[in-house]
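Trainee: Could you choose one part of this model and go through it closely, step by step? I would rather see one part in detail than hear a little about everything.

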Amino acid sequence: MSRLNLRQRLLLLSLLPSAVIAITLVSYFTLSGIRTLEGELRTKALATVRYLAQISEYGIISGQLESLHGLAQTTVQESGVKAAVIVNPKGRAIAVSGRVSLASEALRQSLNEPALVTESDRWIAFGAPVLRSLNEADTLFEPVSTNNIPAPQEVIGHVFVEFDKSELINQQRDLLLRGLLIVLIGLILIAALAIAMADSLSRPIKRLAQAVREMSSGRFDTRVPNHSSAEFGILEQGFNEMANHIEDVHRSMQSRIEEATAQLAFQARHDSLTGLLNRREFEHRLEKALSSVQAGGEEFSVLFIDLDRFKPVNDTCGHLAGDELLRQISQLFQGRLREEDTLARLGGDEFGIILANCSGSRARQVAEDICGLAGAYRFIWQDKVFSIGASIGLTPVGRRVRNINEVLAAGDAACYRAKESGRNQVCEQEATNTPERRHESNNWAARLGSALAEDRLLIEALPLHALQSETLNGHCVELSARLNEPGQAPIALSALIDAAERYDLAGIIDQRFIETAIAALDRARRNNKELHCLVPLSRNSLSRRSVIDLIARLLASKNLPGNGLCLIFSEDVTTHQSSQAMEFSRQVRALGCQVGLDDFGGGLSSFNHLRAISPSCVKLSRSLTRDLGGNRASTALLRAVQEITADLGIYSIAENVDDPATLNQLEELGISYAQGLAVAPCEPFEVWLEGAVIRSAG
Amino acid sequence: MLLVLRLLLVFLLAASTARAASVALVLSENSGPYAEFASTYRDALEGSHWKIGSQGGSDSLAGSSPDLIIAVGSNAFRQVLNLGGSTPVVATLIPRQAYEKLLAENPGRGRRTTAIYLDQPASRQAAFLRHLLPGKKRVGMLVSSETRAAVGQFRQAFATAGLTLDSEDSDTEQTLLPTLNSLLPRVNLLLAIPDTQIYRRENIKAILVTTYRYQRPVVAFSAAFVNAGALAALYSTPAQIARQAAELTQSFSATLPPPMPPSQFAVVINSNVAQALDLNIQDEAAIRRAMLADKEAR
């Protein structure tokens, strides 16, 4: 039962009882019909035999055998009668008609009333006594007798009638067949009804089940036709409503998933901070652009931009400021670019630009513009102002470029070169034959580390030349460094220092500078020479107690006064880390050392801290001295700076003075010292110390 | 006045003592024709000096001494004879053969008996047949040893009436139907007379069927016979005989008249049988009237 489906169960439930009832009823009526037939035969037979007995009476009494024979023949002619026998009281047949099957013994028996005599399969025999009938007579004429008991009727013979049962059997068979036929037809009708009923019941359920199966397999648009009535209708309607609801939910979920997917896709292609494309998408577009070029499209150019002096912003003002800077810079760059150009943030403070259909001088111009924008840009965070710059590598992409890796390598190398050559400038590099650098730059920490360990950090001397008479006695020198790597050009400190600061290796360089300077001072004192060493310190060293301790310890160990040592840090440090800078300068002066500011005049707040820091010297910003020849404004600015510093008793130092003309101008302006190729070439510190200081006269 | 009263009293006393007589009714049974007889008889005696002293079976006679015994039915007469005694007996509702047979069986000591028979006189039968079936002259009759003696009487009476009697003897069952078969073709009708050897309950049907097969009407002696299938019957009812018995009682003195046939009669016709035999028959009343007129005319 449990293995059957609903339709089969319904069929079973409706067919089985009705079939049982139908069969029972029909067999009951058939059997009773058969019995009735038998009873009819019996009644008819008894009537026939009784009648024959009555009409035979006179024949027997009168002994008219012919008439008896006629009676027998008449009886046999009746339907179903097989034979008729009339016997006299002695059991002798006196009239016979038909084929008699009764035995002669049966004919001799005496009967009191009509009765069944013998029955076989094929026939049935009934017999009846022939009684002499008594007439109602007048009692007055009765003979006189002593006993008045009426005599029993005299039996004057018997009649026997045999009936053929074949007709009965035929009728019974007909009845049975008819019964079976009725059962069959009834069952077929019931079956048809039951099937129709089971179908009508199970079809909506089947449809619902099918719909549920489809629904569960993910076809949410599945609906069932709602044309059933009553409970099925409610079920179907309920299912459809449920399906609608599920479909709605599914659709809204789908749209949310699509939204989220789109967002993810956007995020996968964009930088979350700036909203620019990310490196992946940049490379993807580069690839596309490259393939279009290879297919005969216009050549284009790629700019790789690395922001200069980004790290100070991050370090002093936190990442929020750095992030804001990156956002502003992005907008700045975007503003300069055309619609078809692609600006992407490649990571950190690196940006990439694809200048579509733009090559040669036009590309160069765009790069220069961007560089200028970055250089002129001032980032203001709270009360602090930062100047940054951009080192830009420009790589034109032509048909000969094989893959984007060549472009990436060339751009990276060009950018690196720009940074190396003093930042905020544009370097161009063809995509082909690019020296591999990228992987090395990734290894700055190891390179610096090993360079320091192997003493490949070459300390250099940048001698200062006094331009005025009222300057310090003795030799003045600024320490610098250059990284010597086998088979490569030495790397300048300015290029090194960003990386060093990034990987926290600047402290080691600072330490080397301090050690070298104090050792030089010691040596000069022992040789009775007067020496002033300007030591540039990284911004991190200002907040390190260890630097002060180191200076104190070294001075103490050499028993040196600190006045020959001037520790220089960037002027912007005073603006962003003013308290640290002031504390540092206080400690330094407590040791008897001097403090100097580098890159002075680059920021607008340069003068604010002069009094608080009270440096003994300032290195003028390149921006003040660069265009000294033609630019009157620069000259005025420089003059103002000079006047202020001079007024405060602070020596002013101009760096990178490469030509004598500038030197003269500086001298005229009253700048205290000059530094650069026009004064003295840069040379290894030890060499300079030995040659210029120790061996000098006086 | 006193004299008148005295005279009346004397007359009444003299009448009662001189003429008071009792009659005993002995019935074969207390029902049916016997009860009808008793009732009519009692009514008929009303107002006479005869009183019914006792009524009932033969045992009702014990302890009484009636002046006359009326035996109603053959059995009653037999019982009265068996009881003995010398009281005169009138046997009623009895066939002639039975009366004679019982008397023969009881050759009593000269007892005074008489009877009013059930049997109709032959002349009356002849008249009846003549009026019933005017064209049918040949009358058949079956007789046994019981009735053979009456044949002559009938033959004479019929001859007087212009009828021919043809009789056949049959004493046994076996000979009855063959005799009938031989008789019927010769006659126009069969006249049945009371005969306990021929007209018995067992035979009546066979006789009727046989006559019917020959299309011969049967004229019988009782209403029951007519019911069974006879065409008609001439008979006397118990009431008629009771009235006759009452007359006889009232006229009784020392002597008894000889046995007599019933003085009054009735006619019954089975019209179904008449129809079946295709006979056109007058109604009963007309026949009776014709018979009575015939009698007076004679």
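Mentor: The answer below starts with one sheet and then moves outward to its surroundings.

This is a predicted model, in which local features need pLDDT of at least 70, side-chain atom pairs count only at pLDDT 80 or more, and totals for chains, interfaces and linings use all residues. Residues are numbered from 1 along each chain as its sequence is written, while chains are lettered from A and ligands numbered from 1 in the order in which they are written.

Chain A has 22 helices and 22 strands (DSSP runs numbered from the N terminus: H or I of at least four residues for a helix, E of at least two for a strand). The part to look at is an open sheet of five strands in chain A, in the order 2-1-5-4-3, with antiparallel pairing (two strands pair if DSSP finds at least two bridges between them). Strand 2 (93-98) and strand 3 (115-119) of chain A are at the edges; each has a single partner strand, so one side of each is left without a neighbour in the sheet. On average, neighbouring strands of this sheet are turned by 20° against each other, direction ignored (axes are lines fitted to C-alpha atoms, for helices over the stretch in contact, and angles run from 0 to 180 degrees between N-to-C directions).

Start at one edge. Strand 3 of chain A is joined by four bridges to strand 4 (residues 123-131) of chain A, and the two run antiparallel. Within this pair, Glu119(A) has Ile124(A) in strand 4 of chain A as its bridge partner. Helix 2 (residues 65-77) of chain A packs on the sheet and touches strand 1 (81-87), strand 2 and strand 5 (155-164) of chain A. The direction of helix 2 of chain A makes about 30° with that of strand 2 of chain A.

Next, the long-range picture and two helices. The axes of helix 1 (residues 6-62) of chain A and helix 4 (residues 166-216) of chain A come within 8 Å and cross at roughly 165°. Among contacts in chain A between residues at least 6 apart in sequence, 67% join residues at least 24 apart (a contact means C-beta atoms, placed from the backbone, within 7 Å).

Further along chain A there is a hairpin. Strand 9 (residues 378-381) and strand 10 (residues 384-387) of chain A run antiparallel and are joined by four bridges. Arg378(A) stands opposite Ser387(A) in strand 10 of chain A. Two residues lie between the strands of this hairpin, and Gln382(A) takes a positive phi near 55°.

Chain B offers a second sheet to set beside the one in chain A. Chain B has 12 helices and 11 strands, and five strands form an open sheet in the order 2-1-3-4-5 with parallel pairing. Strand 2 (50-56) and strand 5 (113-117) of chain B are the edges, each with a single partner strand, so one side of each is left without a neighbour in the sheet. The twist from one strand to the next averages 20°. Strand 3 (residues 68-72) and strand 4 (residues 89-94) of chain B pair in the parallel sense over four bridges, and Ala71(B) has Ala91(B) as its bridge partner in strand 4 of chain B. Helix 4 of chain B packs on the sheet, touching strand 4 and strand 5 of chain B, and its direction makes about 160° with that of strand 5 of chain B.

Key
Two residues are in contact if their C-beta atoms, placed from the backbone, lie within 7 Å.
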